[in-house]
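Here are a few exercises to work through with the model open on your screen. Try each task before you read its solution.

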Amino acid sequence: MRYESIQSDITVVGGGLAGVCAAIAAARLGRKVALVQNRPVLGGNSSSEVRVWVCGATAHGINRYARETGIMGELFLENQYRNPDGNPYIWDLVVLEKVKAEPNIALYLNTDVHEVEADGKEENRMIRSVTGWMQGSERRIRFESPVYLDCSGDGLIGFLAGAQYRLGREARDEYNEEWAPEIADDVTLGSTLLFYTKDVGHPVKFIPPAFAKDITKTPIPLKRVIRSGDSGCHYWWIEWGGEHDTVHDNEKIRDELSSVIYGIWDYIKNSGQFDADNMTLEWVGGVPGKREYRRFVGDYVLTQNDILSQRLFHDRVAYGGWSIDLHPPQGMYATESGSKHTHADGNYHIPFRSLYSVNVANLLFAGRNISATHVAFGTTRVMATCALMGEAAGTGAALCVEHDISPRELSQNHIELLQQTLLKQDAAVLGLQNKDPEDIAREAKVTASSALSQLRVEPAGELAAYHLVRDVGMIMPVQTGMGIIQWLVDAATKTELKVEVWSTGRAENYVPVKLEYETMVTVEQGGEQWIPVMLDWNPSEPQNAFIILRHNEAIRLHMSNASISGILAFERGAPAHVSKDLEDHDDSQPVIEWSMRNLVRRAFCFRALFPSGCYDPEHIIDGYLRPYGGPHMWLSEPMKDKQAEWVQLSWDEVKEIREIHLVFNDNVNEDLINLHRHRTPFEIIPELVKDYRIEAYVDGKWIVLAAGQDNHRRKTVHRLDQSIYASSIKLIVDSTNGSAYAEVIEVRVYA
């Protein structure tokens, strides 16, 4: 047996997506990181061992412009490019390679940390070391560092260090949460095992094991959805253990879940109710995917009211958008719906104070163990949100080490430093602007070869006209004011069409909140008419308008596949895509009531007859990295005959330039899933720039500094071998991955 001692700047325990993103974030800021994982693969519940889809703020397409950026966004895009069929083993490789690409990370797989050395009084403890056993290698390893991150999910490290924590459900009156029980208890969400099936093209028999559950003697066939072609996370509801201890009873829970999986498969194969003769089991999980255990107490406890009110924390460092999603304690044996959901009107914010311990001075955490109530945890627990919190916590840990301060000191005295560091790394934070004084792009004058100013969507693609049997909506960014918009319609008879303009209430929301203007127009009988509608609304600041066309069965709207970034189409009251026995959503909530599910990458044909400044080139230095009350990006006019488009930054004097950051539009409205939920028909986001060059104006002539070919990433940093001195730089877009426009979100320039 070998005894080892490892010294690093930061120790991250837990190799799920929270831990992975924390380690990468800290390593990229120059810190030496030990990443310790007790399994042979990274990814936690998303790995090939468990195979849970990576869900996040998009909420399967319910929220708009919600997909995560930063490190989680990099993983999504890389997986989309390499793994469009959602192979779980390829996903493992994508995550592993991202970690191995960082020279500052030392990775310790198969290493179970179960000892913690900590000291100090209860209210102010310090972790001195953690020790783990590397399975199969007979190595006992002690990890020492100034800062520790518990991303273990179950929260064992913080628990052993004496960190304050909660377990179970708080009483309703403690935080005034409507969804909390009247009396506190120790009930948690249960664990799940998944299975995969395969059609092998010939009959396959199935003889169930003796321990298989007879599910006909349970409520499962009546209250859950069973189909022969489903597998993977379609069976997320095979859940149990909420009334048990999901850690100490883990083996018991696994055995019960396993018996039900084989019982379900016996029911599918042998009941005669399903077309499953050629189906076989391809894979059955052996590691239960835990949803809930300890939740640490930080300087702030996130609550249901914070989520639903979308509280705008001054120290926000991440966001979420999944519904508050709670399951019955009985899990798969419950007679009620498998899940109950309530949604905010858009994405909510997560404060840094919820990511470090209230009483262990050098402990941060990320993942499902953050400082949140049980009800709030119902949304923060999903993995893409955990990943964002991991990046924020890892960035915070790196700054703590660099400045020799505690997480609390960072929060109280240097929160803007943390937020601006996150923005520079393209992390996902909403509503914050770049204020980096070292970014000389902020001082530049910006010009471009062209900018999209006349907004219009003409017919394109073989799409049937949309019968206006329900209200429809359209998000349109408005810079200063509106005017006449034409819609292309067919009218079966002479009729009147009611059109309304609504504001969205908050810059991060895409739902109608306040009626600002309404009008009625006459439509004559006939086909393919461009009907003009005067919309007289002049908001005091740039924002999105939610335009509603009220239902009229005499009218059909022409549609197009040629959508524009920043313009979205909605329909009101579209039928639910899942049974309420499985997922109980409140259909009256705005984000459910107004759906894009059937209109993704589609638009109603229209022409705006007033100029728009929403895509002017100055937006690449306006400080916003995501849509927020508008698209915040430069779009050129349509690129014709492969003619390049460019955007230029110029200064009044020569500047030293050593580093250039580019952020291209990856359309964060596109819902990407790492495994098998749906297959997106492209491997690279079409809006991404494909081929480009960066030129600088040096000594009276343009020289090429850098170039990119076949790009499929959102953010790229070009570091020059040596500084150059120039009065202008130009980004030239030669081609895109499918968009008709050159689309750029941000350019930063550093000496």
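**Exercise 1: one sheet, edge to edge**

An open sheet is built from six strands, paired antiparallel and ordered β26-β25-β28-β23-β31-β32. Strands here are DSSP E runs of at least two residues, numbered from the N terminus, and two of them pair if DSSP finds at least two bridges between them. A word on the source: this is a predicted model, where local features need pLDDT of at least 70, side-chain atom pairs count only at pLDDT 80 or more, and totals for chains, interfaces and linings use all residues. Residues are numbered from 1 along each chain as its sequence is written, and side-chain values use heavy atoms, leaving out hydrogens and water.

*Task.* Work out which strands stand at the edges.

*Solution.* Start with partners: β26 (514-523) and β32 (594-595) each have a single partner strand, so one side of each lacks a neighbour in the sheet. Next, look at β26 and β25 (residues 495-503): nine bridges hold this antiparallel pair. Finally, pick out one bridge: E500 is matched with E518 in β26.

**Exercise 2: the whole protein**

*Task.* Find out how the radius of gyration of the protein compares with that of a compact globule.

*Solution.* First, apply the rule, 2.2 Å times the number of residues to the power 0.38, with the radius taken over C-alpha atoms. For 751 residues a compact globule would come out near 27 Å, and the protein has 27 Å, which agrees. Then check the box: the C-alpha atoms fill roughly 75 × 70 × 55 Å along the principal axes. Last, burial: 61% of the 751 residues are buried, meaning under 20% relative accessible area (1.4 Å probe, protein chains only).

Key. Buried means under 20% relative accessible area, exposed over 50%, partly exposed in between (1.4 Å probe, protein chains only). Helices (H or I, at least four residues) and strands (E, at least two) are DSSP runs, numbered from the N terminus.
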